[in-house]
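Trainee: I have a model open and do not know how to read it. Could we go through some features one by one?

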Amino acid sequence: MTRDAQTPATTLSAAWSLWALLLGVGLLMLGNGLQGSLLGIRAAEEAFGNTVTGLVMSAYFVGFLAGSTLAPRKLRRVGHIRVFAALASITSVAILVHVLFIDPWVWAAMRLVTGFAYAGLYVVTESWLNGHAGNHLRGRLLAFYMVISYLGMGGGQLLLNVADPSGVVLFLIVSILMSLALVPILLSYTPQPDSSQPEAMSLRRLYRLSPLGTLGCLLTGIANGSVFGMGAVFATGSGLTVDRVAAFMGAFILGGALLQWPLGKLSDKTDRQGVIVVVAALATVLSLAGLWLGQGDARALTLLGVLLGGTTLTLYSLLLACANDVLTPQQTVAASSSLVLALGIGAILGPLTTGLLMDVLGPDGFLWDLALIHAALVAFGGYCLVRHPSTDSGEHGHYVAVPAGTAPLGATWVEEAASEPTQLELDLAESPSEATPDGTTA
């Protein structure tokens with residue numbers, strides 16, 4: 001892939017032309033960041049139990065996968081603006097139902113609905129961004145989107161300090177933010193993009209082309225689901241007050257934002273698979289080191305959050321770039337479909353595995369879960385370094401930082417899923433001869 005020498009003004013002008021969309025996204029991410037931690041804290045206060053809380057949080061990702069496959073059909077029929085408005089309204093209502101019915105089954109249903117709606121919102125946003133920018137500008141515009149997403153999610157954690165989680169005020173704030181996200185979209189004119197259909201690529205075929213990129217996305221999806229689903233539960237169980245829980249989760253996200261670019265640039269200049277193994281190894285060591293921290297030591301846990309966020313939340317971008325290194329330009333769009341699918345499956349499993357471990361081991365189960373996940377990634381990465389070494393061609397794909405907690409390039413794969421229902425299957429009947437090591441088909 002070639003690099004493009006665009007000036008910063010070009011990127012900024014493209015972002016400015018989409019200011020209403022990006023402002024709406026920022027407000028949505030503020031609400032999403034707040035509600036994730038808020039529900040974790042409130043579930044602990046209501047004594048749901050770690051396993052049940054994990055099930056409730058996993059429901060979000062189940063809804064996410066369902067929404068991703070259905071939203072594109074509505075986009076074709078009624079357009080981006082109407083779908084955005086409808087789904088944002090649904091999220092605004094869903095968070096209020098949590099207050100009306102303090103019941104884990106109701107909460108699980110509302111998390112499923114919220115995940116469904118947010119998947120559609122990501123589809124709208126990312127298809128809008130991809131359709132607005134050409135190839136020369138897409139990476140930078142998506143990076144701008146990533147920064148806004150992280151700032152929104154991090155800011156949402158800080159909003160936990162505004163009121164007592166045991167009351168209704170924070171739930172109302174989430175609902176208000178979701179509703180406000182509609183205003184800039186509905187009161188401004190932004191050209192809507194045309195839909196496109198990428199070619200299909202199954203998980204099985206993608207695994208043949210990039211084993212580490214494919215399986216790594218599944219594993220890092222489990223880790224990300226654990227962080228965003230159970231991180232606040234871990235911090236609460238460790239004895240942190242609400243303001244300290246907010247600081248811990250904010251530090252986690254900040255660490256991911258700060259180290260995205262340095263690690264990405266490093267991976268552009270050296271063996272990307274090696275960088276992934278090293279980062280995963282650091283995440284393993286940090287998770288184990290966290291077991292020796294004193295319960296309730298807020299400063300130590302906040303520092304741990306920054307360091308773990310800088311390793312755990314940067315791996316998806318590295319794995320995405322690793323997979324794209326072995327793909328042809330015609331395959332990259334379709335491959336993002338399978339990579340996001342793997343990430344989503346992992347994200348469903350994350351809160352479940354963490355909740356079970358926390359029921360057995362207490363709050364330390366969160367750190368043990370992260371340690372085991374990243375240790376598995378280290379082991380498989382080491383295997384790939386030996387059996388599937390990177391080709392030293394000097395033609396690395398350009399690294400693009402993407403938010404680990406969202407569905408990067410979601411529009412590309414869900415457009416395919418809507419038009420090709422068999423895409424979500426593993427396609428076990430596919431012949432091995434269809435995919436060759438150089439990424440071409442036989």
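Mentor: We will go from the whole chain to helices, then to single residues. Keep in mind that this is a predicted model.

Trainee: What does the secondary structure of the chain come to?

Mentor: Start by counting the helices and strands. This chain has 17 helices and zero strands.

Trainee: How much of the chain counts as buried?

Mentor: Of its 442 residues, 57% are classed as buried. Contacts tell you about the fold as well. Among contacts with a separation of 6 or more, 88% join residues 24 or more positions apart.

Trainee: How do I check the length of a helix, say helix 13?

Mentor: Multiply out the rise per residue and compare that with the distance between the ends. Helix 13 covers residues 298–312, and its 15 residues should span 21 Å at 1.5 Å a residue. The end C-alpha atoms lie 20 Å apart, which agrees.

Trainee: Which residues of helix 13 are buried, and what do they pack against?

Mentor: An α-helix has 3.6 residues a turn, so residues three or four places apart point the same way. In helix 13 the buried residues include A298, L301, L304, G305, L308 and T312. The buried residues of this helix pack against helix 10, helix 11, helix 12, helix 14 and helix 16.

Trainee: Is helix 14 mostly covered or mostly exposed?

Mentor: Helix 14, residues 315–324, is mostly covered, with ten of its ten residues buried. Among them are Y316, C322 and N324.

Trainee: How do I describe two helices that pack together, such as helix 10 and helix 11?

Mentor: Give the angle, the distance between axes, the handedness and the residues that touch. Helix 10 and helix 11 pack at about 140°, and their axes are 9 Å apart. The crossing of helix 10 past helix 11 is right-handed. Helix 10 contributes V227, F228, G231, A232, F234, A235 and T236 to the contact, while helix 11 contributes V245, F248, M249, F252 and I253. Sorted by type, the contact residues are ten nonpolar, two polar and no charged.

Trainee: What about salt bridges: how many are there?

Mentor: Side chains of opposite charge can pair when their charged atoms come close. Here the count comes to one salt bridge. The side chains of R42 and E46 form a salt bridge, at 3.0 Å from N to O.

Trainee: Are R42 and E46 buried or exposed?

Mentor: R42 counts as buried because its relative accessible area is 8%, under the 20% limit. E46 has a relative accessible area of 32% and is partly exposed.

Trainee: Which residue is T53 in contact with, leaving aside its neighbours within four places in sequence?

Mentor: Place T53 before listing partners. T53 lies in helix 3 and is buried, at 3% relative accessibility. Apart from those neighbours, T53 touches A43, F48, M230 and V233. T53 and A108 are 55 residues apart in sequence, and their C-alpha atoms are 8.8 Å apart.

Trainee: How far apart in space are G49 and D359?

Mentor: Compare the separation along the chain with the separation in space. G49 and D359 are 310 residues apart in sequence, yet 7.6 Å apart from C-alpha to C-alpha. G49 sits in the loop between helix 2 and helix 3 and is partly exposed, at 34% relative accessibility.

Trainee: Where is A247, and how far is it from T302?

Mentor: A247 is in helix 11, and its relative accessible area of 27% makes it partly exposed. The C-alpha atoms of A247 and T302 are separated by 6.6 Å, with their positions 55 residues apart along the chain.

Terms used. Residues are numbered from 1 along each chain as its sequence is written. This is a predicted model: local features need pLDDT of at least 70, side-chain atom pairs count only at pLDDT 80 or more; totals for chains, interfaces and linings use all residues. Side-chain values use heavy atoms; hydrogens and water are left out. Buried means under 20% relative accessible area, exposed over 50%, partly exposed in between (1.4 Å probe, protein chains only). Helices (H or I, at least four residues) and strands (E, at least two) are DSSP runs, numbered from the N terminus. A salt bridge is a side-chain nitrogen of Lys or Arg within 4 Å of a carboxyl oxygen of Asp or Glu. The expected span of a helix is 1.5 Å times one less than its number of residues. Contact means heavy atoms within 4.5 Å. Axes are lines fitted to C-alpha atoms, for helices over the stretch in contact, and angles run from 0 to 180 degrees between N-to-C directions. A crossing is left-handed if the near helix is turned anticlockwise from the far one by less than a right angle, and right-handed if clockwise. Ala, Val, Leu, Ile, Met, Phe, Trp, Tyr, Cys and Pro count as nonpolar, Asp, Glu, Lys and Arg as charged, and the others, Gly among them, as polar.
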